[in-house]
Amino acid sequence: MSIWMVGTGSTLTFKAHDNTICDIGVGYHRVVEGKPIPWSHLFTVSFDGCLALWDFPMYTDTEASAVHRCDLRIRASSSELLCAAYDSLKYIYVVAVSYTHLTLPTKRIV
């Protein structure tokens, strides 16, 4: 994934997927000990069957000062993920799968 920083004209490129990213969105919370707390983040889904959550890059004027990371990567399916949405009322991600069923975690992942 690459993020273009308009102010500097530079890009940040980083990877968490083994195949093409087919959707990207924004989430606004994480759940800690059963309670939602504010957290602005990106999420991506890919043809590799994984959902990844990303901290927003934080930077000042130079690319060298940028901090970015993939906070979580989970295999949601053995098939391709086609698209995703974030439900800010229920604090869940909804994904569409191409062929087979979803593999859901047995505990809350975020």
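A residue counts as buried when its relative accessible area is under 20%, as exposed when that value is over 50%, and as partly exposed in between. The exercises below apply this cut-off to a predicted model.

**Exercise 1. Describe the make-up of the protein chain, and state what share of its residues is buried.**

Solution. Begin with the secondary structure, which comes to zero helices and eight strands. Read from the N terminus on, the elements therefore appear as β-β-β-β-β-β-β-β, under the DSSP assignment of helices and strands. Then turn to burial: of the 110 residues in the protein chain, 34% are buried. Finally, consider the contacts with a separation of 6 or more, of which 46% are between residues 24 or more positions apart.

**Exercise 2. Work out the order of the strands in the open sheet, and find which strands lie at its edges.**

Solution. Four strands take part in this open sheet, and their order is S3-S4-S5-S6 with antiparallel pairing. Strand S3 (21-32) and strand S6 (70-75) are the edge strands, since each of them pairs on one side only. On average, and with direction ignored, neighbouring strands of the sheet are turned by 25° against each other. As a closer look at one pairing, S3 and S4 run antiparallel and are joined by 10 bridges, and Val-32 stands opposite Lys-35 in S4.

**Exercise 3. Identify the residues of the largest nonpolar core, and trace which strands supply at least two of them.**

Solution. The largest nonpolar core has 12 residues, and its aromatic members are listed together with aliphatic ones: Trp-39, Phe-43, Val-45, Leu-51, Leu-53, Ile-74, Ala-76, Leu-81, Ala-84, Tyr-86, Tyr-93 and Val-95. At least two residues of this core come from each of strand S4 (35-46), strand S5 (50-55), strand S7 (81-87) and strand S8 (92-97). A second, separate core has nine residues, among them Met-5, Leu-12, Phe-14 and Trp-54.

To see the surroundings of one member of the largest core, take Ala-84: apart from neighbours within four places in sequence, Ala-84 is in contact with Asp-23, Phe-43, Val-45, Val-94 and Val-95.

**Exercise 4. Characterise the pair formed by Tyr-86 and Tyr-93, from the strands to the rings.**

Solution. Start with the backbone, where S7 and S8 run antiparallel and are joined by six bridges. Tyr-86 stands opposite Tyr-93 in S8. Next, apply the burial cut-off, by which both Tyr-86 and Tyr-93 are buried.

For the rings themselves, a pair of aromatic rings is described by the distance of the centres and the angle of the planes. The structure holds three aromatic pairs. The one formed by Tyr-86 and Tyr-93 is tilted, with 5.2 Å centre to centre and 50° between the planes. This angle falls in the tilted class because planes under 30 degrees apart count as stacked and those over 60 as edge-to-face. Widening the view, Tyr-28, Phe-43, Tyr-86 and Tyr-93 form one aromatic cluster. A further ring, that of Trp-39, has Arg-30 over its face, at 3.8 Å from the ring centre.

**Exercise 5. Find where Glu-33 and Tyr-91 lie, and decide whether each is exposed or partly exposed.**

Solution. The background is that most residues other than glycine have a negative phi. Glu-33, by contrast, is a residue other than glycine with a positive phi near 50°, and is found in the loop between S3 and S4. Its relative accessibility is 80%, so Glu-33 counts as exposed.

Tyr-91 is not a glycine either, yet has a positive phi of about 60°. The place of Tyr-91 is in the loop between S7 and S8, and the hairpin of these strands has four residues between them. Because its relative accessible area is 29%, Tyr-91 is partly exposed.

**Exercise 6. Place Glu-80 and Lys-15 in the chain, and give for each a residue that is distant in sequence together with the C-alpha separation.**

Solution. Glu-80 lies in the loop between S6 and S7, and is partly exposed with a relative accessible area of 29%. Glu-80 and Val-97 are 17 residues apart in sequence, and their C-alpha atoms are 5.9 Å apart in space. Not counting residues up to four places away in sequence, Glu-80 touches Ser-46, Phe-47, Ala-96, Val-97, Ser-98 and Tyr-99.

Lys-15 is placed in the loop between strand S2 (10-13) and S3, and counts as exposed at 66% relative accessibility. Along the chain, Lys-15 and Arg-69 are 54 residues apart, whereas their C-alpha atoms are separated by 9.1 Å.

Technical notes
Residues are numbered from 1 along each chain as its sequence is written. This is a predicted model: local features need pLDDT of at least 70, side-chain atom pairs count only at pLDDT 80 or more; totals for chains, interfaces and linings use all residues. Side-chain values use heavy atoms; hydrogens and water are left out. A nonpolar core is a set of buried Ala, Val, Leu, Ile, Met, Phe, Trp, Tyr and Cys residues joined through side-chain atoms within 4.5 Å. Buried means under 20% relative accessible area, exposed over 50%, partly exposed in between (1.4 Å probe, protein chains only). Contact means heavy atoms within 4.5 Å. Rings of Phe, Tyr and Trp (its six-membered ring) pair if their centres lie within 6.5 Å; planes under 30 degrees apart count as stacked, over 60 as edge-to-face and the rest as tilted. A charge sits over a ring if NZ of Lys or CZ of Arg is within 6 Å of the ring centre and within 35 degrees of the ring normal. Two strands pair if DSSP finds at least two bridges between them. Axes are lines fitted to C-alpha atoms, for helices over the stretch in contact, and angles run from 0 to 180 degrees between N-to-C directions.
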